[in-house]
Amino acid sequence: MDEVTSETGTVGEQLRNAREREGITLEDVAARTRIPTRHLQSLEDGEWDKLPAPMYTVGFAKSYAGMVGLDRGEIGDALKLEMGAGALAARPEAQVFEPADPARVMPRWLVLLALVALVAVAAAFLWNRNRTLSADDSPVAEAEAPATATQPAVGAAPVAATAPGGPVVITANEPTWIQVSERGGANLFQGELASGQSYEVPTTATAPVLRTGRPQSIRISVGTADAPAVGEADRTVSNVSLLGPDLMRGPGATPTTTPPTPQR
């Protein structure tokens with residue numbers, strides 16, 4: 001089949017000449033029209049057998065023409081003549097493929113940015129949800145409120161030296177001598193605590209008591225709560241119960257446990 005030519009040459013030649021005048025490559029045309037480079041090359045060379053259905057090929061040519069400044073309608077009509085009516089009738093008519101205008105296509109970087117933002121929002125939602133669930137499960141009441149003691153039933157086992165919430169710890173604000181012992185029994189600790197030094201009352205103690213000559217120089221904590229002062233400044237105190245519930249009730253509280261009877 002002879003190609004239909006004009007004074008300006010075939011459609012492929014017109015497209016190639018216009019492209020070269022614009023100083024752009026086939027790759028530039030492919031990037032802006034979203035048409036594969038091999039199809040653009042086949043258009044310029046008139047290789048119709050390497051192109052898709054004629055109606056798609058016409059659409060390719062019109063998009064190419066619009067980019068290089070040629071009239072889209074004239075190029076489309078000229079290409080139909082070149083390809084011949086037989087080539088168009090040989091295949092069922094299909095909808096012409098018109099590549100989207102690059103100016104109207106969302107940039108790839110904007111699509112990626114939107115995806116990243118979506119992932120970040122989802123991650124923040126999950127993190128906040130997990131944090132809320134963890135807060136609901138934590139023992140807030142024990143950490144914030146001072147422990148309160150209840151009188152044990154008659155014959156109950158001795159109360160250990162820890163109040164609800166944690167151990168009993170004596171911390172020296174300045175060098176201070178202290179003595180910790182079982183009420184009416186053996187010494188658990190006796191000596192001077194340096195400034196900042198702490199002593200933790202053993203959890204196995206049944207009725208630990210404190211003696212010191214400088215109550216204002218020590219701080220006693222029960223778990224995360226500070227107990228009230230155990231006496232007046234520079235006045236020796238003794239037999240101060242170191243059980244958590246007794247400490248939190250303050251000086252003069254009745255000991256929670258009955259001291260053991262000294263053995264003869």
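## Strand pairing and the β7–β8 hairpin

Two strands are taken to pair if DSSP finds at least two bridges between them. In this predicted model, β7 and β8 run antiparallel and are joined by two bridges, and the hairpin that they form has two residues between the strands, with G223 taking a positive phi near 65°. Within this pairing, S221 has D226 in β8 as its bridge partner.

Strand β7 covers residues 218-222, and four of its five residues are buried, so that the strand is mostly covered. Besides β8, strand β7 is joined to strand β2 (residues 166-172), and here five bridges connect two strands that run antiparallel. One of the positions in register is T171, whose bridge partner in β7 is R219.

## The chain as a whole

The protein chain contains nine helices and nine strands. Of its 264 residues, 34% are buried. Among the contacts with a separation of 6 or more, 61% are made by residues that lie 24 or more positions apart in the chain.

## A transmembrane annotation on a helical stretch

An unreviewed UniProt entry places the feature "transmembrane region" at residues 109-127. In the model, the chain over residues 109-127 is 100% helix and 0% strand, and the C-alpha atoms at the two ends of this stretch are 27 Å apart. The annotation comes from the record, whereas the helix content and the end-to-end distance are computed from the model.

## The four-stranded sheet

Four strands form an open sheet with antiparallel pairing, and their order across the sheet is β4-β3-β6-β9. Because β4 and β9 each have a single partner strand, they stand at the edges, and one side of each is left without a neighbour in the sheet. On average, and with direction ignored, neighbouring strands of this sheet are turned by 20° against each other.

Strand β6 (residues 208-212) has four of its five residues buried, and it is therefore largely enclosed by the rest of the structure. On one pairing, β6 meets strand β3 (residues 176-182) in the antiparallel sense over five bridges, and on another it meets strand β9 (residues 237-241), also in the antiparallel sense, over three bridges. V209 can be followed through both pairings: this residue of β6 stands opposite S181, and its bridge partner in β9 is S241. The residue L210, in turn, has V240 as its bridge partner in β9. As a general point about such strands, the side chains in a regular strand alternate between the two faces of the sheet.

## An aromatic pair

The structure holds one aromatic pair. The ring centres of F189 and Y199 are 4.8 Å apart and the ring planes lie at 25°, so the pair is stacked, given that planes under 30 degrees apart are counted in that class. The pair links distant parts of the chain, with F189 in strand β4 (residues 187-193) and Y199 in strand β5 (residues 198-200), 10 residues apart.

The two residues fall into separate accessibility classes, which can be read from the cut-off of 20% below which a residue is called buried. F189 counts as partly exposed because its relative accessibility is 23%, while Y199, at 14% relative accessibility, counts as buried.

## Packing of helices α2 and α4

Helix α2 (residues 26-33) and helix α4 (residues 54-68) pack with their axes 10 Å apart and at an angle of about 110°, and the two helices are therefore roughly perpendicular to each other. On the α2 side the contact is made by L26, D28, V29, R32 and T33, and on the α4 side by S63, Y64 and M67.

## Positive phi outside glycine

Most residues other than glycine have a negative phi. Against that background, R34 has a phi near 65°, a positive value in a residue other than glycine. R34 lies in the loop between α2 and α3 (37-45), and with a relative accessibility of 46% R34 counts as partly exposed.

A positive phi is also found at D234, which is likewise a residue other than glycine and has a value near 60°. D234 lies in the loop between β8 (225-226) and β9, and at 51% relative accessibility D234 counts as exposed.

Methods
Residues are numbered from 1 along each chain as its sequence is written. This is a predicted model: local features need pLDDT of at least 70, side-chain atom pairs count only at pLDDT 80 or more; totals for chains, interfaces and linings use all residues. Side-chain values use heavy atoms; hydrogens and water are left out. Rings of Phe, Tyr and Trp (its six-membered ring) pair if their centres lie within 6.5 Å; planes under 30 degrees apart count as stacked, over 60 as edge-to-face and the rest as tilted. Buried means under 20% relative accessible area, exposed over 50%, partly exposed in between (1.4 Å probe, protein chains only). UniProt positions are given in the numbering used here, feature names are shortened, and annotations may be inferred rather than shown by experiment. Axes are lines fitted to C-alpha atoms, for helices over the stretch in contact, and angles run from 0 to 180 degrees between N-to-C directions. Angles under 35 degrees count as roughly parallel, over 145 as roughly antiparallel, 65 to 115 as roughly perpendicular and the rest as oblique. Contact means heavy atoms within 4.5 Å.
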